[in-house]
Amino acid sequence: MQFLLEAESFKEQGNAFYAKKDYNEAYNYYTKAIDACPSNASYYGNRAATLMMLGKFREALGDAQQSVRMDDSFLRGHLREGKCHLSLGNAMAASRCFQRVVFCMDRALEFAPACHRFKILKAECLALLGRYSEAQSVISDILRIDATNADALYVRGLCLYYEDCIEKAVQFFVQALKMAPDHDKACLACRNAKALKAKKDEGNKAFKEGNYKLAFTLYTEALAIDPNNRKTNAKLYCNRGTVNSKLGKLCEAIGDCTSAIKLDDTYIKAYLRRAQW
């Protein structure tokens, strides 16, 4: 029994460091909790969340997968596993994880139809699956009742962000952070959204000024900010393709437009530009 108390104490200390955004120390204490009680799924889940904040997605994936192996009903473990897969480029595996959470939340909502926590978790997974209108519908219902719900504001922003409405997305992330200043997901999303918009705008400015080499560099840097933002990245590839055409690199220009179409097969401009070259 003593080892359980010790493990729980380590976890609480880890939580305190996580709340302070000291993720290295949080990682150390979650590891101590696991060493003291290796059969607790939530400890692996907490360490996975910490590793994700440190950008160590492959290590985080291992912990997330271990957490759901130990407790298949641990939905945040499935969500974290999906996010890790997404960050590592494993779209199909990510989709399976998010679909599982949506399925489980639908079952849970049959018994607790008014539970905002279940609805928000479902909506976040719908957004990550690209089902933005469904996610927005769920979140709109919550915000009509509770306009200050930070998690709902974050998910609304997430939908807008992935639909390439970045300025509007930032507004919702900022609102979420006003309601909950320590909202890690809103903070990270807001930082990525601002960085992506700024770099894209810099690339557009360089292009208009005829500085095509600089524009190429800036669009390339923008593409590295968030590989999961498919619609914005499709536009960035198309823009970079135009730059390559101006630099006389037609094969690269065609390749960029093809990459844009792979990310967004409804993006007409990419088809038209590729056909021109």
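## Helix α15 and its nonpolar patch

In this predicted model, Ile-268 sits in helix α15, which covers residues 268–276. With a relative accessibility of 53%, Ile-268 counts as exposed, because the cut-off for that class is over 50%. Together with Tyr-271 and Leu-272, Ile-268 makes a nonpolar surface patch of about 290 Å².

## Overall architecture

The protein holds 15 helices and zero strands, and its C-alpha trace spans about 70 × 40 × 35 Å along the principal axes. Of its 277 residues, 47% count as buried.

The UniProt record, an unreviewed entry, places the feature "repeat: TPR" at residues 7–40, 150–183 and 196–229. In the model, the stretch 7–40 is 79% helix and 0% strand, and its end C-alpha atoms lie 9 Å apart. For the stretch 196–229 the corresponding values are 74% helix and 0% strand, with the end C-alpha atoms 10 Å apart.

## Two loop residues with positive phi

Lys-21 has a positive phi of about 65°, although this residue is not a glycine. Its place is the loop between α1, residues 2–19, and α2, residues 23–36. At 34% relative accessibility Lys-21 is classed as partly exposed, since this value falls between the 20% limit for buried residues and the 50% limit for exposed ones.

Asp-164 is also not a glycine and has a positive phi of about 70°. This aspartate is found in the loop between α9, residues 150–162, and α10, residues 166–179. The relative accessible area of Asp-164 is 16%, and the residue is therefore counted as buried, the limit being under 20%.

## The largest pocket

The largest pocket encloses about 1300 Å³ of space. Its lining comprises 44 residues, of which Met-52, Met-53, Lys-83, Asp-184 and Lys-185 lie nearest the centre of the pocket. Two or more lining residues come from each of the helices α1, α2, α3 (41–53), α5 (75–87), α7 (116–128), α9 and α11 (184–208). Among these elements, α11 gives the most to the lining, with seven residues.

Two of the residues named as nearest the pocket centre, Lys-83 and Asp-184, return below as salt-bridge partners, Lys-83 with Glu-124 and Asp-184 with Lys-21.

## Salt bridges between separate parts of the chain

Side chains of opposite charge can pair when their charged atoms come close. The structure holds 17 salt bridges, and one of them joins the side chains of Lys-21 and Asp-184, with an N to O distance of 2.7 Å. Because Lys-21 lies in the loop between α1 and α2 while Asp-184 belongs to helix α11, this pair ties together parts that are 163 residues apart in sequence. The two partners fall into separate accessibility classes: Lys-21 is partly exposed, with a relative accessible area of 34%, whereas Asp-184 is buried at 12%. Lys-21 thus combines a positive phi with a place in this salt bridge.

A further salt bridge is formed by Glu-124 and Lys-83, whose closest N and O atoms are 2.6 Å apart. This pair links distant parts of the chain, with Glu-124 in helix α7 and Lys-83 in helix α5, 41 residues apart. Both Glu-124 and Lys-83 are buried.

## Salt bridges within α11 and around Glu-8

Helix α11 also holds a salt bridge of its own, in which the side chains of Lys-197 and Asp-201 meet at 2.6 Å, N to O. Both residues lie in α11, four residues apart, which is about one turn of the helix. Lys-197 counts as partly exposed at 27% relative accessibility, and Asp-201 is likewise partly exposed, with a relative accessible area of 35%.

Elsewhere, salt bridges that share partners join Glu-8, Lys-11 and Glu-12 into one network.

Terms used. Residues are numbered from 1 along each chain as its sequence is written. This is a predicted model: local features need pLDDT of at least 70, side-chain atom pairs count only at pLDDT 80 or more; totals for chains, interfaces and linings use all residues. Side-chain values use heavy atoms; hydrogens and water are left out. Buried means under 20% relative accessible area, exposed over 50%, partly exposed in between (1.4 Å probe, protein chains only). Patches are made of residues with over 30% relative accessible area and no salt bridge: like charges are joined within 9 Å, nonpolar side chains (Val, Leu, Ile, Met, Phe, Trp, Tyr) within 5 Å. Accessible areas come from the Shrake-Rupley method with a 1.4 Å probe; for residues, only the protein chains shown count as cover. A salt bridge is a side-chain nitrogen of Lys or Arg within 4 Å of a carboxyl oxygen of Asp or Glu. UniProt positions are given in the numbering used here, feature names are shortened, and annotations may be inferred rather than shown by experiment. On a 1 Å grid over the protein atoms alone, a cavity is a set of points where a 1.4 Å probe fits but cannot get out, and a pocket is an open set with protein on both sides within 12 Å along at least five of seven lines; lining residues have an atom within 4 Å of a point. Grid points are joined across faces, edges and corners, and a volume is the space filled by probe spheres set on the points.
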